[in-house]
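Biologist: Please take me through this model a few questions at a time, and keep the geometry concrete.

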Amino acid sequence: KADTVGMFQVESRAQMSFLPGMRPDKFYDIVVQVAIIRPGPIVGKMLHPYLRRRQGLEAVTYPHPALEPVLARTLGVPLFQEQLLRMAMIVAGFTGGQAEELRRAMGFKRSEKRMLEIEGRLREGMTANGIATDVQDLIVRSIGSFAAYGFPESHAASFALIAYASAYLKCHYLAAFTAAILNNQPMGFYHPATLVKDAQRHGLHFRPVDVTRSAWLCTLERDRASDDWSVRLGFNYLKGLRRATAGSIVQARTEGPFLSILDLVRRVPGIRKEEIESLAEAGALNFIGDDHEHPAHRRDALWRAELAVRPLGELLEQEQPQMEEDESSPLALMSPLERLSADYRITGLTIGAHPLRMHREAMNKLGVIRASDLAHLPDGRRVRIAGAVICRQRPGTANGFVFLSLEDETGISNSIVMPDLFEARKLTIVDEPFLLVEGILQNQRGSVSVKASRVEGLRLDAASVASHDF
């Protein structure tokens, strides 16, 4: 079992909300899952009938008895483009050529005029076959909704295979799966900061960018004591560090360990001042030298980096190594919040504490429920949730509703914002990186969300997480 963050095709908020009711237990269920969260089935109002039938809450019926062979696999609900074409051939007597014309008309650049013409032919054929007007309306509505965006079953099966493979890898090879996703950004629905936090909640350990160990890409490291795999962040997550510089660091490392920051600067002569500063601020210089039990702190590394890149006269150059060794930093250690801010500023993510964890005491005083606790609360209860906004969505098929995903240190909570509330609080919802949402909990068959009645910005002294918006 795994949640679907980072998994191809099934990681959106809508997919996550539908999955608990769907509970796929065979491959074809994933094919349906991929296809059903699409504008076509949504506009055609096919989601809830399918789910009710799957859960045994509604009998499986067919628009016409002749359509049972075509629609039996999808419980009488047309979900795939191929089904619509077969329906037209059965109920309206369409030839293969006419069905192909219908398929082209339902394509990406569909024509309203052509669809109306085809609708007329559909109705003529159905009337000739003695099909009642109300049944004709149902069939035409199904075909019309798919013209907005219908998914071919063949495509859904191909995508489902990738989704299944993603789920398997996430469950059984989390470290390799996570490293691969981080190394192939941008992709998918979530920012790397969210992918890292999700993986940590599933038990994966990360190690920081380190000039003594990191490669350009994220890599896997095995813990000798526990035999567990962890992910070492790569230089690719260090903003402002050129790939050529990273390559020079790795090459120099093969000739022997770096004895000091000065030694690094001398052996990587092309490194720029801003690059060494970024490395220091991200903590990537902390483990240079022999004393790995007592590594340097980031501000100490910044101090020594500044000495290492400072131009010196010829007479002082010979004394520089001793000067660096003797010169202790007068700078104080970074606080946890300062380290967090530096992480997000330099790498765009943190492998340390989530921003909300540092403010949990304040959240508790406000009555904020943790994301992981929502599923255990009863439907209809008034709750408060809060977190970093990682996703804002306003789908064209949602009639103005806005969907928010908030991340705290325990997971992701979802909120539904009505159109009038969105218009009243638009600037807050769109601009604030951290939100507090109050509303009614909707906890139905494993699908959990909060219907918002109030949305406020949270003024937290914390770095913001990147979001996927609209």
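**Turns, helices and odd backbone angles**

Biologist: Pro 186 sits in the loop between helix 11 and helix 12. Which residue does a cis peptide bond join to Pro 186?

Modeller: This is a predicted model, where local features need pLDDT of at least 70 and side-chain atom pairs pLDDT 80 or more, while totals for chains, interfaces and linings use all residues. Numbering starts from 1 along each chain as its sequence is written, and side-chain values use heavy atoms, without hydrogens or water. Most peptide bonds are trans. Here omega is about 0°, and the partner of Pro 186 in that cis bond is Gln 185.

Biologist: How are helix 11 and helix 12 oriented, parallel or antiparallel?

Modeller: Helices here are DSSP runs (H or I, at least four residues; strands are E, at least two), numbered from the N terminus. Helix 11 covers residues 174–182 and helix 12 covers 192–201; their axes come within 11 Å and cross at roughly 175°. Those axes are lines fitted to C-alpha atoms over the stretch in contact, with angles from 0 to 180 degrees between N-to-C directions. Since the cut-offs are under 35 degrees for roughly parallel, over 145 for roughly antiparallel, 65 to 115 for roughly perpendicular and oblique for the rest, the pair is therefore roughly antiparallel.

Biologist: Which residues of helix 12 do the helix 11 side meet?

Modeller: Contact means heavy atoms within 4.5 Å. On the helix 11 side we've got Leu 174, Thr 178, Ile 181 and Leu 182. Across from them in helix 12 are Pro 192, Leu 195, Val 196 and Ala 199.

Biologist: Jumping to the start of the chain, what is the phi of Gln 9?

Modeller: Most residues other than glycine have a negative phi. Gln 9 lies in the segment before helix 1 (13–22), and it is partly exposed, with a relative accessible area of 24% (buried is under 20%, exposed over 50%, partly exposed in between, using a 1.4 Å probe and protein chains only). Though not a glycine, Gln 9 has a positive phi, about 75°.

Biologist: Which residue just after helix 1 takes a positive phi?

Modeller: Start with the helix itself: its buried residues are Arg 13, Gln 15, Phe 18, Leu 19, Gly 21 and Met 22. They pack against helix 2 (27–36), helix 4 (47–54) and three strands, namely strand 4 (382–393), strand 5 (402–408) and strand 6 (411–417). Just past the end of helix 1, with phi about 45°, comes Arg 23.

Biologist: And around helix 6, which residue that follows this helix has a positive phi?

Modeller: Ahead of helix 6, in the loop from helix 5 (68–71), Leu 75 already has a positive phi of about 60° although it is not a glycine. Helix 6 spans residues 81–91 and buries Gln 81, Gln 83, Leu 84, Leu 85, Met 87, Ala 88 and Val 91. After the helix, with phi near 70°, the residue is Gly 93.

Biologist: Zooming out, what percentage of the residues count as buried?

Modeller: The fold has 22 helices and nine strands, and its C-alpha trace spans about 100 × 50 × 45 Å along the principal axes. Of contacts between residues at least 6 apart in sequence, 61% join residues at least 24 apart. As for burial, among 470 residues the share is 47%.
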